[in-house]
Structures are given as structure tokens and as C-alpha cells.
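Reader: I'd love a close look at one part of this model, namely the largest pocket. Please tell me what lines it, and then follow the elements around it outwards.

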Amino acid sequence: MAALLHLSEALLGETEIRAVAEIAARVTAATLGVDFAAVAVVEPGEDRVSLVATVGWPDEAVRRVQPVRLEETTALAHAVRTQMPVVIPDESLASPYPAPEWITEMGVAASLVAPMLVGGKALGGLVVNHR
């Protein structure tokens with residue numbers, strides 16, 4: 001409950017999507033104690049999502065994975081497309097969602113991708129990764 005209060009306080013007065021996403025990614029990473037977090041949004045009128053805020057992700061990794069087309073087999077595309085979370089408890093095991101190279105390079109052990117839904121529509125996704 002304290003984490004939600006902290007997030008609500010941090011978001012007060014913010015109206016820019018990038019600023020809201022940066023706060024959400026930062027508070028999520030800190031609250032969950034994860035090494036990496038990101039917020040991706042569906043581009044209006046497009047069939048793809050783009051990362052608008054990241055925590056811990058190397059800039060080069062962000063550039064390599066942008067944008068994510070919704071027909072791809074990534075965990076982010078799947079979560080947004082199906083409006084269901086994707087949990088990858090062990091990134092070293094075979095998964096229906098191939099991990100980007102940087103996941104292995106950075107030693108990520110587990111990942112979670114949750115769709116961001118409003119009114120039954122997916123607006124994007126929240127990604128968290130932990131070593």
C-alpha cells in the first residue's frame with residue numbers, strides 16, 4: 001500500500017506520457033527490488049510498441065529492441081496482444097518468447113511483463129527483469 005501511495009504522490013501533476021512512464025518504471029524497480037524495468041506504449045494507429053522509459057537497461061539494448069511489432073514472439077508483444085501477463089521464472093530455460101541478447105549478456109534470471117490496460121484496451125506494457 002505504501003508503494004502505491006508513493007507512486008500516486010510522484011505522479012501528481014505529471015501530464016506528459018514520458019514523465020509518467022519514467023516515474024512508473026523507477027518506482028516499480030525500487031519497490032520490487034529488480035535490476036531492470038521498462039514501460040512500453042502502443043504507438044497510436046500502429047501495430048507496435050515502443051519503450052518510453054527504462055531503468056537499468058543499457059542504451060544500446062534499448063536501441064536494439066525498438067520498436068517491438070505486436071506480431072513478434074516476444075514476451076512484451078504477447079502480453080500486449082493477449083492482455084495477459086507473461087512470467088518467465090528462469091530465462092536460462094527454453095521459452096516460447098526468445099530473450100533479446102542483452103538479457104543473457106546482463107545476467108537476467110527472471111522476467112515479468114504485465115500489460116497496461118484501460119477500458120479493456122492494452123495501452124502498453126510494464127517489463128521487469130531481475131538478475
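Author: Happy to! Let me start with contact, which means heavy atoms within 4.5 Å of each other. In the protein chain, residues 24 or more positions apart make up 43% of the contacts that have a separation of 6 or more. Please keep in mind that this is a predicted model, in which local features need pLDDT of at least 70 and side-chain atom pairs count only at pLDDT 80 or more, while totals for chains, interfaces and linings use all residues. Residue numbers run from 1 along each chain as its sequence is written, and side-chain values use heavy atoms, with hydrogens and water left out.

First, the frame around the pocket. The protein chain has five helices and six strands, taken as DSSP runs numbered from the N terminus (helices are H or I, at least four residues; strands are E, at least two). Along the sequence they come in the order α-α-β-β-α-β-α-β-α-β-β. There are 131 residues in the protein chain, and 36% of them count as buried. Buried stands for under 20% relative accessible area and exposed for over 50%, with partly exposed in between (1.4 Å probe, protein chains only).

Now to your pocket. The largest pocket has a volume of about 330 Å³. A pocket here is an open set of points on a 1 Å grid over the protein atoms alone, where a 1.4 Å probe fits, with protein on both sides within 12 Å along at least five of seven lines; lining residues have an atom within 4 Å of a point. There are 22 lining residues, and those closest to the centre of the pocket are Thr74, Ala75, Leu76, Pro98 and Pro100. Helices H3 (59-65), H4 (75-82) and H5 (101-105), together with strands S5 (110-118) and S6 (121-130), each contribute at least two residues to the lining. By type, the lining has 16 nonpolar residues, three polar and three charged. Nonpolar covers Ala, Val, Leu, Ile, Met, Phe, Trp, Tyr, Cys and Pro, charged covers Asp, Glu, Lys and Arg, and the others, Gly among them, are polar.

Helix H4 deserves a longer look. Ala75 and Leu76, which are among the lining residues closest to the pocket centre, are also buried residues of H4, along with Ala77, Ala79 and Val80. The buried residues of H4 pack against strands S1 (36-42), S2, S3 (68-69), S4, S5 and S6. After H4 comes glutamine 83, in the loop that leads on to S4. Its phi is near 60°, a positive value in a residue other than glycine. Glutamine 83 is partly exposed because its relative accessible area is 29%.

Further along, the loop between S4 (86-88) and H5 holds proline 96. Proline 96 is exposed, because its relative accessible area is 61%. The C-alpha atoms of proline 96 and threonine 73 lie 7.3 Å apart in space, although the two are 23 residues apart in sequence.

Helix H5, another contributor to the lining, has two residues worth setting side by side. Isoleucine 103 is found in H5 and, with a relative accessible area of 5%, is buried. Leaving aside neighbours within four places in sequence, isoleucine 103 is in contact with Glu91, Val108, Ser111 and Asn129. Between the C-alpha atoms of isoleucine 103 and glutamate 91, 12 residues apart along the chain, the separation is 8.0 Å. Threonine 104 also sits in H5, yet threonine 104 is exposed, at 64% relative accessible area. Threonine 104 and arginine 131 are 27 residues apart along the chain, with 9.9 Å between their C-alpha atoms.

Two more places complete the tour. In helix H2, the residues Ala21, Ile23, Ala24, Ala25, Val27, Thr28 and Ala29 are buried. Threonine 28 counts as buried because its relative accessibility is 14%, and threonine 28 touches Leu126 and Val128, not counting residues up to four places away in sequence. H2 is followed by glycine 33, where phi is positive, near 70°. Serine 50, in strand S2 (residues 48-55), is buried at 13% relative accessible area. Beyond its neighbours within four places in sequence, serine 50 is in contact with Val39, Ala40, Val41, Glu43, Gln66 and Pro67.

Notes: Grid points are joined across faces, edges and corners, and a volume is the space filled by probe spheres set on the points.
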